[in-house]
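Trainee: Could you walk me through this model, beginning with one residue and then turning to the whole chain?

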Amino acid sequence: MRYKGRAPLRIDFGGGWTDVPIYAEAEGGAVLNAAITRYVRGSIGAASPLDLVHRLRGARNYVSYGLDLPIGAGLGASAAQTVLWVALVKTAIANVADRDEIAEVACQIGSALGILGGKQDEYASALGGIRYYTFGSEVREESLSLSTPFVNQLRDRLVLVYSGQARLSADIHGHVWSRFRSGEPSTVRALAGLRQLAGDMKCALLASDVESFAQLLNDNWFHQKSLHPSVTTQRLDDIFAVARHHGAQGGKACGAGGGGCLLFFAAEGQSERLRAALKDCRLQLIDFGFDQHGVFITRG
């Protein structure tokens, strides 16, 4: 029996970093993010006659993956891969897979491997949708009930671009959490600000207030940069300058920062101008929609 599936990547709007257990379990974290229609895809099952490599190695069952985005994009691809692996194996063994369980098991795997990161990526990939999460001794989630016209408007004004610079999130995490443990005031204040912004962004979306949402993206980026100097680079600063000059009303780096993807919010009527300017800078534009399903497994 063969199963195939996909697990979505995510864009984080606000609150990233506060989902990391070292902070969440001590102070409580909050994140607003969205699963997007960019996926890790894979399959599990017996090797077919065409799978020559696996036949030569004597494999009877194996898992394979594929991803059409650069490594280090800051969209949670490694977590999505783990989510997909857990879902495929669970489905192959038990023919059933609970999404919340999948997310938590994927988080546990990351922790066991010594990955110093949060939980938002796994939950976004497993559950899908635009959701507000709180993190502490347990994870709680709230799916935002937004009208289709508003979701379309939101999507049309968001511009996602790969900076061309892969980021090493482990190094950045090491710097930030070292400062947090030592009680560095700027880092402690930034984390508290990020947590607050996630809730503020949720309220802005529920009120269909895109202008406030755009400004909150800027505020989030300000707090991200306050965590540690490695969160931004001269290249990222240059891209932000171009974006602001060509219609970006708000923006932030995805994930840990330091490279990877950047998310911008275009002023009304400026989306195409912004896209053209970023493309002229030889940056890779990433088209996406919002994924509502989370990890998805089919037979065959």
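Trainee: Is His293 buried or exposed?
Mentor: Neither label applies, because His293 has 48% relative accessibility and therefore counts as partly exposed; buried means under 20% relative accessible area, exposed over 50%, and partly exposed in between, with a 1.4 Å probe and protein chains only. This is a predicted model, in which local features need pLDDT of at least 70, side-chain atom pairs count only at pLDDT 80 or more, and totals for chains, interfaces and linings use all residues. Residues are numbered from 1 along each chain as its sequence is written, and side-chain values use heavy atoms, with hydrogens and water left out.

Trainee: Where does His293 sit, and what does it touch?
Mentor: His293 lies in the loop between β9 (284-285) and β10 (296-299), where strands are DSSP runs (E, at least two residues) numbered from the N terminus. Leaving aside residues up to four places away in sequence, His293 touches Arg6, Arg99, Ala126, Leu127 and Gly128, a contact being heavy atoms within 4.5 Å.

Trainee: And how far is Ser226 from His293?
Mentor: Their C-alpha atoms are separated by 34 Å, with the two positions 67 residues apart along the chain counted as their separation.

Trainee: Switching to the whole chain, what is its radius of gyration?
Mentor: The chain has 19 Å, which agrees with the value near 19 Å for a compact globule of 300 residues; the radius is taken over C-alpha atoms, and the rule is 2.2 Å times the number of residues to the power 0.38.

Trainee: What share of the residues is buried?
Mentor: Of the 300 residues, 50% count as buried.

Note on methods. Helix = DSSP H or I, 4+ residues; strand = E, 2+ residues; numbered from the N terminus.
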